[in-house]
Every structure is written in C-alpha cells, then in structure tokens.
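This report is written for a reader who meets the structure for the first time. It takes up the contacts with DNA, then the pairing of the chains, and then the fold and the core.

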There are 2 protein chains.
Amino acid sequence: MATQPLTRNQILVLDALTGAEGPLSAYTILDKLRDHGFRAPLQVYRALDKLRELGLVHRLESLNAFVACTQPHDHHTDHGVTAFAICEDCGQVDEMHDAGIEERLSVLAGVRHFKTEKTTIEIRGHCQNCSAAE
Amino acid sequence: MATQPLTRNQILVLDALTGAEGPLSAYTILDKLRDHGFRAPLQVYRALDKLRELGLVHRLESLNAFVACTQPHDHHTDHGVTAFAICEDCGQVDEMHDAGIEERLSVLAGVRHFKTEKTTIEIRGHCQNCSAAE
DNA sequence: TGCCACACGTTATAGCATTACGCAATTGAT
DNA sequence: ATCAATTGCGTAATGCTATAACGTGTGGCA
C-alpha cells in the first residue's frame, strides 16, 4: 500500500495547476509545459488521468478544465461529494463539502434504486469580490 | 406575454430529442436531421440555445449532450435546480428536483456571499434496471 | 421608406479529447 | 537469467464539440 511517487510529467502538470489562479484547460497546460518538453495533448491528458485517480486534481465539467484539489484532506481516502463554486468573472474556484447535500443525494438515488458512481455539482456565478465591484 | 411559437428548426430539434431514448449530442442531432435539410452544426446549436432558454431542453455538462425536459412543469416559470441521474449503461436520464438540496446549496453560497447564476448537478451511475441485470 | 430585430444558411476555424502505434523501463514469477 | 506482463512515455493522426464571421430574407413599425 505504499503510495507510488508521481512521475516527472505528473509533477509538472500538478505544479502548473497548483500555480495557476484558476482552472486550466488541457491545452493551456500543454502550452505552459512546452518549455519542459511537452509536445502533445496526450502527455497532459495521461498525467491528468492519473492525478484525478489519486484525488489530487478535479475536472470541472461545465468548463472543460481542471483544478488542483485545494482541500487539506488525506488524498488516499475518499472524501465524498465535492461541490464547486465557480466565479464567471475572475475564474476563481471554491471547493465545498456538505454532509446535508450528500444525504439528500443519497436519498434521491436510494428511492430510485440508482447506484451512484460519481457526482458532479458545479455552481456558476459571481464571487464576493467580483459582485462587490460592480 | 404571448409565448412565441417555435420555428421549424426548433421543432425539428425538439422532436429529435423527445423521440430519443437518451441524451443526444449536437452532432448526432445534426445527422438525424440531414434528411430535413440540416447541413451545419450551427443550425442545431442555435435551435438548442433557444430551446434551453425556454426551459424545454437541458444540457448535460458531463456528457456534452442534450435531453428534452421531461418534467410536467409550466415551462415559463423557473422551476429551480434540477439534478440528473444518468445511467452509464443504458443512457437513460432521470430528472429530479429536491428542495432540501436547493436549501443546502443556497446556504453554502450565502456563507460565501456567492451569487449563484446556474447550478449543475449530475449523478453518474447505474439505474435500477441495469444494476439488476448484472 | 428606412430601420431594426430576428431567424436562417454557409464556410471556416477554434477548442477539446482519443485512437493507434511503437519504444523503454520495471517488476515479478519461473 | 529470462520471459511475460505492466506501466509510462513520445508521436502522429484523427475525431468530436462549439463558435466566429460572413451574408440573406422577413416582418414589424416609426
């Protein structure tokens, strides 16, 4: 159960995401990493796949983009459903967890005998800073 | 406040979605409508935009695909947040509404002074039928 | 009549993701 | 030691999703 170390490519992609203000598309990451030898989209997608498996990176479906996980969790444990608040002005993403929502979702699924594999919750809107500055 | 009639293109796209078993991609719709004179993606996307404005069609972000709204609601009123249960086996989509979830989401946003514009909730998994037939 | 708004049609292009191929390094069992 | 299986890597080509930028036609209305 030793946690395998990240490969060079995976570290580069993760660093790019961690250093960014907001979510990045795969092709934006590719451009940022050309100087480090990246030449093809697949290099990015492969690293992203692994990082997502490890819970270090999330994909934002409504944006076709990726963010580094910002929660202080132990990444080797499942930490339930994540909801994202995405600011349409500044691009900032806030990662949220809420037991109440999980509970309701679990009920909704249960009533229908639906086996949940993965849940996506994304809230688009305007963060406090950006809605203040109108 | 008379509700404008749909155009020919909009009706064709809506019918395609209504007649389908599950969600359709824009390009799948395009192919289905070639016999009716459709030749370019934009014809589909423009109709979809309008239908979504009217609340007759939903976009599934995690699938890059579209479904006809199945709820018996009055479409001219906002009917809050919709959650989708999407079966990965048969493709069927179940549209759900839940006041409890809306409440929790509203609290999460409120605490952060985040102004919500649009909320996406999509649950991927296996429906009753498909998980029975294992 | 002139203006405006809107739907439409066409071409081209941009943006996102995967398939398919082959090579190299690692691991682990025989 | 060697073989097989696995895993990551690199490259090229392709496919899927969505929009930009044109121009046309029509209906309402001052």
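## Contacts with DNA strand D

In the side chain of B:Arg59, a polar atom lies 2.5 Å from a phosphate oxygen of DNA strand D, a value which, like the others in this report, comes from a predicted model. Two further side chains approach phosphate oxygens of this strand: a polar atom of A:Gln43 lies 2.6 Å from one, and a polar atom of B:Ser25 lies 3.4 Å from one. The elements that contribute two or more residues to the surface near DNA strand D are helix 3 of chain A and helix 3 of chain B, and it is helix 3 of chain A that gives the largest share, with 4 residues.

In total, 14 residues are found around DNA strand D, and those that come nearest are A:Thr7, A:Gln43, A:Arg46, B:Tyr27 and B:Arg59. Of the atoms of DNA strand D that come within 4 Å of the protein, 43% belong to sugar and phosphate. Sorted by class, the residues of this surface are 5 nonpolar, 5 polar and 4 charged.

## Contacts with DNA strand C

DNA strand C is surrounded by 14 residues, of which the closest are A:Tyr27, A:Arg59, B:Thr7, B:Gln43 and B:Arg46. For this strand, sugar and phosphate make up 43% of the atoms that come within 4 Å of the protein. The surface near DNA strand C consists of 5 nonpolar, 5 polar and 4 charged residues. Helix 3 of chain A and helix 3 of chain B, each covering residues 41-53, both supply at least two residues of it, and helix 3 of chain B gives the most, with 4 residues.

Some of these approaches can be described at the level of atoms. The side chain of B:Asn9 has an N or O atom 2.8 Å from a phosphate oxygen of DNA strand C, and the side chain of B:Gln43 likewise has an N or O atom 2.8 Å from a phosphate oxygen of this strand. For B:Arg46, the partner is a base nitrogen of DNA strand C, which is 2.3 Å from an N or O atom of the side chain.

## How the two chains are related

A turn of 180 degrees, with a shift of 0.0 Å along the axis, lays chain B on chain A with an RMSD of 0.1 Å. The two copies are therefore related as by a two-fold rotation axis. Within chain B, the C-alpha nearest this axis belongs to B:Ile121, and its distance from the axis is 2.3 Å. Because 100% of the interface residues of chain B are interface residues in chain A as well, the copies meet through the same surface.

## The fold of chain A

Chain A contains 5 helices and 5 strands, and from the N terminus its elements follow the order α-α-α-β-β-β-β-α-β-α. The C-alpha trace of this chain spans about 50 × 50 × 25 Å along its principal axes, and 42% of its 134 residues count as buried. Among the contacts in chain A with a separation of 6 or more, 54% are made by residues 24 or more positions apart.

## The nonpolar core

The largest nonpolar core has 26 residues, and those with the most contacts inside it are A:Leu105, A:Phe114, A:Ile121, B:Leu105, B:Phe114 and B:Ile121. In chain A and in chain B, strand 3 (83-87), helix 4 (99-111) and strand 5 (115-126) are the elements that give two or more residues to this core. Beyond its neighbours within four places in sequence, B:Leu105 is in contact with A:Ile101, A:Ile121, A:Ile123, B:Thr119 and B:Ile121.

## A closer look at B:Asn64

B:Asn64 is placed in the loop between strand 1 (57-60) and strand 2 (65-68) of chain B, and because its relative accessibility is 38%, B:Asn64 counts as partly exposed. Residues up to four places away in sequence being left out, B:Asn64 touches A:Asn64, B:Ser25 and B:Arg59.

The side chains of B:Asn64 and B:Arg59 are joined by a polar contact of 2.9 Å, and B:Arg59 is also the residue whose polar side-chain atom lies 2.5 Å from a phosphate oxygen of DNA strand D. B:Asp49, for its part, is 15 residues from B:Asn64 in sequence and 14 Å from it in space, C-alpha to C-alpha.

Conventions:
Residues are numbered from 1 along each chain as its sequence is written. Chains are lettered from A and ligands numbered from 1 in the order in which they are written. This is a predicted model: local features need pLDDT of at least 70, side-chain atom pairs count only at pLDDT 80 or more; totals for chains, interfaces and linings use all residues. Side-chain values use heavy atoms; hydrogens and water are left out. A residue is near a molecule or strand if one of its heavy atoms lies within 4 Å of it. A polar contact is a pair of N or O atoms within 3.5 Å; within protein, one must be able to donate a hydrogen and the other to accept it, and residues adjacent in sequence count only if both atoms are side-chain atoms. Ala, Val, Leu, Ile, Met, Phe, Trp, Tyr, Cys and Pro count as nonpolar, Asp, Glu, Lys and Arg as charged, and the others, Gly among them, as polar. A nonpolar core is a set of buried Ala, Val, Leu, Ile, Met, Phe, Trp, Tyr and Cys residues joined through side-chain atoms within 4.5 Å. Buried means under 20% relative accessible area, exposed over 50%, partly exposed in between (1.4 Å probe, protein chains only). Contact means heavy atoms within 4.5 Å. Copies are superposed by least squares on the C-alpha atoms of residues with pLDDT of at least 70 in both.
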